[in-house]
Amino acid sequence: MSFPPQIKVPATYMRGGTSKGAFFRLQDLPEACQVPGEARDKLLLRVIGSPDPYEKQIDGLGNATSSTSKTVILAAPTQPDHDVDYLFGQVAIDKPFVDWSGNCGNLTAAVGAFAINGGFVAKERIPDNGICTVRIWQANIQKTIVAHVPITNGEVQETGDFELDGVTFPAAEVKIEFMDPADGEGSMFPTGNLVDDLDVPGIGTLKATMINAGIPTIFLNAEDIGYKGTELQNDINSDPKALAMFETIRAHGAVKMGLIKDVAEAANRQHTPKVAFVARPADYVSSSGKQINAADIDVLVRALSMGKLHHAMMGTAAVAIATASAIPGTLVNLAAGGGDRTEVTFGHPSGTLGVGAEAKEVNGEWAATKAIMSRSARVIMEGWVRVPGDTF
């Protein structure tokens with residue numbers, strides 16, 4: 001019996017923020033994979049090593065966490081006054097499924113550098129030394145993101161002294177602006193309320209702020225679900241009942257937000273919405289052993305991604321946190337002390353993060369104009385990724 005040889009696909013493996021992923025230029029993909037569909041999904045699944053019933057992704061580039069089971073495709077811009085189109089695919093670990101429903105804010109930090117290195121940014125727009133502004137069209141959510149990428153001697157500066165909790169080594173700072181981060185197709189608060197009563201069968205009625213800014217997110221009060229807000233990954237991820245509870249909440253919240261029509265559909269929309277819980281500041285020790293003092297943060301936030309508690313914080317969820325904190329009366333704002341604010345520093349399992357947002361009320365509707373955060377990124381490996389020739 002003969003088997004087809006492996007094929008090589010040009011790829012770059014990059015860290016962006018607290019995530020890692022395989023980056024591709026659209027024109028470098030096999031022809032059948034240059035359009036959305038089954039062939040593209042099969043290629044990306046095989047690259048990452050999914051579906052894997054062992055949940056290890058040993059036979060691919062994934063590292064068996066939601067933060068590392070990610071893919072990015074960059075293409076020539078389809079929108080005027082933009083440099084590049086950015087499409088994000090969240091690859092399921094144990095299922096043959098790629099979720100295209102949302103953005104990855106962490107990997108956004110690497111998109112600017114990849115766009116520069118990949119020839120998407122005009123040479124005359126890249127300074128010899130200074131900051132290159134990369135105008136990104138986020139194709140999943142149809143939004144503009146602006147990345148400010150440092151340049152030294154005409155090349156992307158990746159090394160530096162910027163430290164990001166959840167990332168071991170320092171690197172160069174990349175500032176990111178998420179423009180008009182709320183869903184343009186409807187209200188930033190899909191139910192019309194800053195706080196809702198979310199009825200969840202078998203669990204009860206929970207206070208919830210459901211917001212679509214950065215990524216659809218359901219915020220809960222930690223104490224309402226039996227937590228303090230200082231939990232680390234193992235406290236929740238080792239508890240199957242807790243994970244099942246959060247998934248049930250997520251499914252019912254998705255229905256109330258209008259993202260799905262029936263809770264059964266949530267299984268095929270794993271990337272969104274996110275579920276997070278908040279609490280007032282308290283002292284705790286982060287996953288790295290770092291002491292986090294209540295006096296140094298405004299609010300505690302823990303968030304789940306792809307069914308597990310995230311080891312730090314998703315970049316898109318950080319946008320939701322920033323935006324919700326800027327709107328008086330949301331659960332995030334109240335946990336942070338209430339009132340008007342444009343910046344917030346929150347505690348997460350790996351440490352702390354400062355984010356900012358601008359929001360205003362117009363004709364009774366809240367709108368977010370911008371969310372801002374700093375991340376870092378670097379190329380880990382570049383060349384080709386190989387997959388069996390009968391993958392797609």
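In which strand is Val174 found? Select residues 174-179: this is strand 9, and Val174 is found there. Strands (E, at least two residues) and helices (H or I, at least four) are DSSP runs, numbered from the N terminus.

The structure on screen is a predicted model, in which local features need pLDDT of at least 70 and side-chain atom pairs count only at pLDDT 80 or more, while totals for chains, interfaces and linings use all residues. Residues are numbered from 1 along each chain as its sequence is written, and side-chain values use heavy atoms, with hydrogens and water left out.

**Stop 1: Val174**

Keep Val174 selected. Val174 is buried, with a relative accessible area of 5%; buried means under 20% relative accessible area, exposed over 50%, and partly exposed in between (1.4 Å probe, protein chains only). Next, display the contacts of Val174, where contact means heavy atoms within 4.5 Å. With neighbours within four places in sequence set aside, the residues in contact with Val174 are Ala109, His148, Val149, Pro150, Met373, Ser374, Arg375 and Ser376. Then add Ala368 to the selection: Ala368 and Val174 are 194 residues apart along the chain, and their C-alpha atoms are separated by 22 Å.

**Stop 2: strand 13**

Select residues 274-279, which form strand 13. Six of the six residues of this strand are buried, so strand 13 is largely enclosed by the rest of the structure. Show the side chains: Lys274, Ala276 and Val278 point one way, whereas Val275, Phe277 and Ala279 point the other way. In a regular strand the side chains alternate between the two faces of the sheet.

Just ahead of this strand, select Thr272 and Pro273, which are joined by a cis peptide bond with omega of about -5°. Pro273 lies in the loop between helix 4 (240-256) and strand 13.

**Stop 3: across the paired strands**

Two strands pair if DSSP finds at least two bridges between them. Which strand pairs with strand 13 in the parallel sense? Select residues 215-221: this is strand 12, and five bridges connect it to strand 13. Within this pairing, Asn221 stands opposite Val278.

Now select strand 16 (residues 299-305), which runs antiparallel to strand 13 and is joined to it by five bridges. Here the bridge partner of Ala279 is Leu300. Leu300 also stands opposite Gly347 in strand 18, so add residues 343-348 to the view; strand 18 pairs with strand 16 in the parallel sense over two bridges.

Continue to strand 19 (residues 351-362), which is antiparallel to strand 18 and joined to it by six bridges. Val344 stands opposite Val355 in this pairing. Strands 18 and 19 form a hairpin with two residues between them.

**Stop 4: the loop between helix 1 and strand 3**

Finally, select the loop between helix 1 (38-48) and strand 3 (70-75), where Pro51 is found. A cis peptide bond joins Pro51 to Ser50, with omega of about 0°.

Glu55 lies in this loop. Glu55 is not a glycine, yet its phi is positive, at about 60°. Is Glu55 buried or partly exposed? With a relative accessible area of 39%, Glu55 is partly exposed.

The loop also holds Ala64, another non-glycine residue with a positive phi, here about 65°. Ala64 counts as partly exposed, at 27% relative accessibility.
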